[in-house]
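Visitor: I should be grateful for a close look at one part of this model, followed by an account of the other side-chain contacts.

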Amino acid sequence: MATRRYAGRDDGVRSGHPVRTGCSQGVVGARLCRAVVGRNHLAVPVSRPARAYLRPPVLSLHAGRGLRGQRSRHVLLHGRLRALPPHRRPALRDLVRSSCRLAPDLGVRLVPGAGRGLTAARRRVQRDRVADRQRPEPPPRHLLPDVRAPVLRSDHESPRLCEGCPHHPPSPHPRCRDRSERLELPLAWRTRRSRLPDALATPRTHQHLEPQLGHSRPPRQRPTHPTAPMTDYLITDYVERAGVEWTAAIERAIDACAVTGGRVVVPDGVFVTGPIRLRSNVELHLSAGATLRFRTDPAAYPIVRTRWQGIECFSHSPLIYAYDEADLAITGTGTLDGGASTDNWWSSTRPRTDWERLLRMVEADVPVEDRIFEPGHGFRPSFIQPHTSRRVRIEDVRIVNAPMWVVHPVFCTDVLVRGITVDSLGPNNDGCNPDSCENVVITGCSFTTGDDCIAIKSGRDADGRRVGRPSRNILIESCRFAAGHGALTIGSEASAGASGIHARDLHITPPAGGSGVDYALRIKTNSSRGGVIEHVTVENVVVDAVTTSAILITTRHAEPEQFGGHAPVVRDVTVTNLAVRSAPRTVEIHDTPQAPVESFTLTTSETP
């Protein structure tokens with residue numbers, strides 16, 4: 001296997017990553033998109049039956065973004081598929097998928113192409129990705145029309161059904177093909193049918209859509225679907241007695257919404273509630289004049305599985321919680337008020353007895369299911385914590401007075417945090433902490449916090465190494481930071497590692513008379529944490545003022561004199577176009593002989 005490096009920049013993805021390409025028959029050219037799979041090598045051997053269909057045997061593999069720029073796991077195979085019958089493409093796709101050395105859940109999509117070599121295939125990859133971004137976003141799955149009554153555009157002709165299949169209606173996505181895409185193999189390939197597996201050699205029994213031969217290809221646009229309005233469930237429709245706590249009404253509205261999918265709407269007004277547990281396909285929407293104010297009595301919060309400062313345990317439920325759910329959202333321009341103050345949640349930041357008990361459990365390898373802290377014990381909960389969930393969206397809301405960390409996704413994938421405002425100056429009030437998460441976008445947000453504004457985590461010490469789930473593929477862009485310890489922080493609870501962190505267009509501007517931000521970029525770890533922090537790219541940062549240093553990188557954060565036995569690795573950190581107007585120091589680096597900082601690059605720019 002040969003190794004090649006491809007130059008060029010790919011949507012903020014660092015260029016020049018090594019990619020393994022085959023050099024024998026069935027050459028496979030690959031371009032690696034670090035926003036998806038990091039520095040993993042890609043190797044896709046093409047089996048002999050597959051090469052019989054792909055002549056010349058030159059493909060292009062591209063793992064990268066999906067439609068509308070969303071990060072996804074899919075493979076685009078570009079080869080000479082123009083003459084490949086459509087009903088045989090799934091079998092070929094399965095062949096390639098079974099031979100692919102990527103994750104087993106990786107999707108494969110076959111795209112017709114001219115197959116004129118690797119250079120042309122790369123051009124088609126770029127062209128297809130641009131076309132994907134220009135396509136309209138499809139409606140949610142639960143709002144799609146019934147396939148038995150498809151709505152077709154006027155420029156599509158009705159497809160013709162094959163005889164003998166009266167029960168198979170036309171697909172809502174008809175595709176008109178030209179004469180080159182016949183249902184029969186070309187004459188030159190028919191002699192090879194004996195060498196093909198049964199799945200490729202035998203057509204499907206129900207091939208209900210026969211292409212219209214001779215029909216010209218329509219423009220490359222998707223059929224339009226009627227977009228039905230999203231179903232709204234007002235919490236005021238589920239209350240039994242007005243003027244009381246709204247916990248039960250919100251729970252009933254979420255249960256009803258989970259059946260069909262839609263929005264649970266909080267209208268204008270102030271509503272006092274206990275903990276909220278979100279379900280799949282449910283969007284909690286706060287109207288512009290709405291305020292959800294949460295109770296501050298710890299007894300009102302049940303014991304759930306959570307992660308507290310990088311260690312898994314069972315403790316008080318977060319104020320808004322979801323476990324093992326998908327397609328959930330919190331939106332609207334209303335306010336989420338945690339009600340925390342020095343009279344309740346902020347009075348005891350870390351109960352010493354419970355904290356020492358939790359550390360002893362980790363040292364003794366006590367299973368997570370047995371790390372239970374009964375009501376009256378335990379720790380301050382996070383404000384919003386989706387746990388082990390997929391496709392999470394938090395947008396536009398204002399969040400104040402959080403008990404602990406504010407937005408804290410744990411073990412989540414495909415997370416979007418957009419346009420939120422965090423104004424919470426309590427102890428340990430980190431603004432947004434992706435914790436062992438993948439494919440996260442934080443954009444257009446504003447932070448005024450009592451701790452780090454954005455902190456990327458992946459577990460603490462032995463418990464983080466036990467889980468072994470790093471945080472990776474995270475994009476932070478167009479955010480403003482008014483107060484906090486670090487605007488962008490990685491660590492210190494990053495024992496499982498963090499990679500593929502890209503930040504751009506950040507602005508650190510302290511308020512008039514406020515304390516401001518201590519660091520614009522802070523990477524902190526030590527020999528007890530361990531872990532690998534790598535591939536960090538920060539660009540276009542404007543620092544009006546910081547109180548300590550613009551950049552701090554330390555591999556001995558809060559570390560005693562003795563070596564902890566787990567040397568951390570910090571490498572490949574690049575900061576470009578950094579403009580600092582006022583700072584006591586620009587860069588601080590504190591490392592040790594056992595854990596030196598490797599490959600740090602800084603490029604500054606003149607301040608306007």
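In which kind of contact do the side chains of Arg418 and Glu395 meet, and at what distance from N to O?

Guide: The structure is a predicted model, in which local features need pLDDT of at least 70, side-chain atom pairs count only at pLDDT 80 or more, and totals for chains, interfaces and linings use all residues. Residues are numbered from 1 along each chain as its sequence is written, and side-chain values use heavy atoms, with hydrogens and water left out.

Arg418 and Glu395 meet through their side chains in a salt bridge, at 2.9 Å from N to O. The term denotes a side-chain nitrogen of Lys or Arg within 4 Å of a carboxyl oxygen of Asp or Glu. Arg418 belongs to strand S23 (residues 413-418) and Glu395 to strand S21 (residues 390-395), so the bridge ties together parts that are 23 residues apart in sequence. Strands (E, at least two residues) and helices (H or I, at least four) are DSSP runs, numbered from the N terminus. The two partners can also be described by their accessibility: Arg418 is partly exposed, at a relative accessible area of 35%, whereas Glu395 counts as buried at 13%. Here buried means under 20% relative accessible area, exposed over 50%, and partly exposed in between (1.4 Å probe, protein chains only).

This salt bridge belongs to a wider set, for the structure holds 29 salt bridges. Arg571 and Glu534 form one of them, with their closest N and O atoms 2.8 Å apart. That pair links distant parts of the chain, 37 residues apart: Arg571 in strand S34 (residues 569-580) and Glu534 in strand S32 (residues 532-543). Arg571 counts as partly exposed at 31% relative accessibility, and Glu534 is buried at 15%.

The loops that border strands S32 and S34 carry a salt bridge between Asp544 and Arg581. The closest N and O atoms of these two residues are 2.2 Å apart. Asp544 lies in the loop between S32 and strand S33 (546-554), and Arg581 in the loop between S34 and strand S35 (585-590), so this pair ties together parts that are 37 residues apart in sequence. Arg581 is partly exposed, with a relative accessible area of 41%. Elsewhere, a network of salt bridges links Arg305, Glu312, Glu369, Arg371, Asp463 and Arg466.

Turning to the rings, the structure holds eight aromatic pairs. Trp246 and Phe271 have ring centres 4.9 Å apart and planes at 85°, so their pair is edge-to-face. Rings of Phe, Tyr and Trp (its six-membered ring) pair if their centres lie within 6.5 Å, with planes under 30 degrees apart counted as stacked, over 60 as edge-to-face and the rest as tilted. Both Trp246 and Phe271 are buried.

Another edge-to-face pair is formed by Phe294 and Phe383, so classed because the planes stand at 80°, with the ring centres 5.5 Å apart. Phe294 lies in strand S14 (residues 290-294) and Phe383 in the loop between helix H8 (352-363) and strand S20 (384-387), 89 residues apart. Phe294 is buried at a relative accessible area of 3%, and Phe383 is buried at 0%.

Trp308, Trp355, Phe373 and Phe379 are linked by ring pairs into a cluster. Two rings of this cluster have a charge over them: the charged end of Arg350 sits over the ring of Trp355, 4.4 Å from its centre, and that of Arg357 over the ring of Phe373, 4.6 Å from its centre. A charge is counted in this way if NZ of Lys or CZ of Arg is within 6 Å of the ring centre and within 35 degrees of the ring normal.

A polar residue completes the account. Ser471, in strand S28 (residues 471-477), counts as buried at 0% relative accessibility. A polar atom of the Ser471 side chain lies 2.9 Å from the backbone nitrogen of Ser436. With residues up to four places away in sequence left out, Ser471 touches (heavy atoms within 4.5 Å) residues including Asp435, Cys437, Lys457 and Ile501.

Finally, the structure holds zero disulfides, a disulfide being a pair of cysteine sulfur atoms within 2.5 Å. Cys412 has its nearest cysteine sulfur, that of Cys437, 4.8 Å away. Cys412 is buried at 0% relative accessibility, and Cys257 is buried with a relative accessible area of 0%.

Terms used
A polar contact is a pair of N or O atoms within 3.5 Å; within protein, one must be able to donate a hydrogen and the other to accept it, and residues adjacent in sequence count only if both atoms are side-chain atoms.
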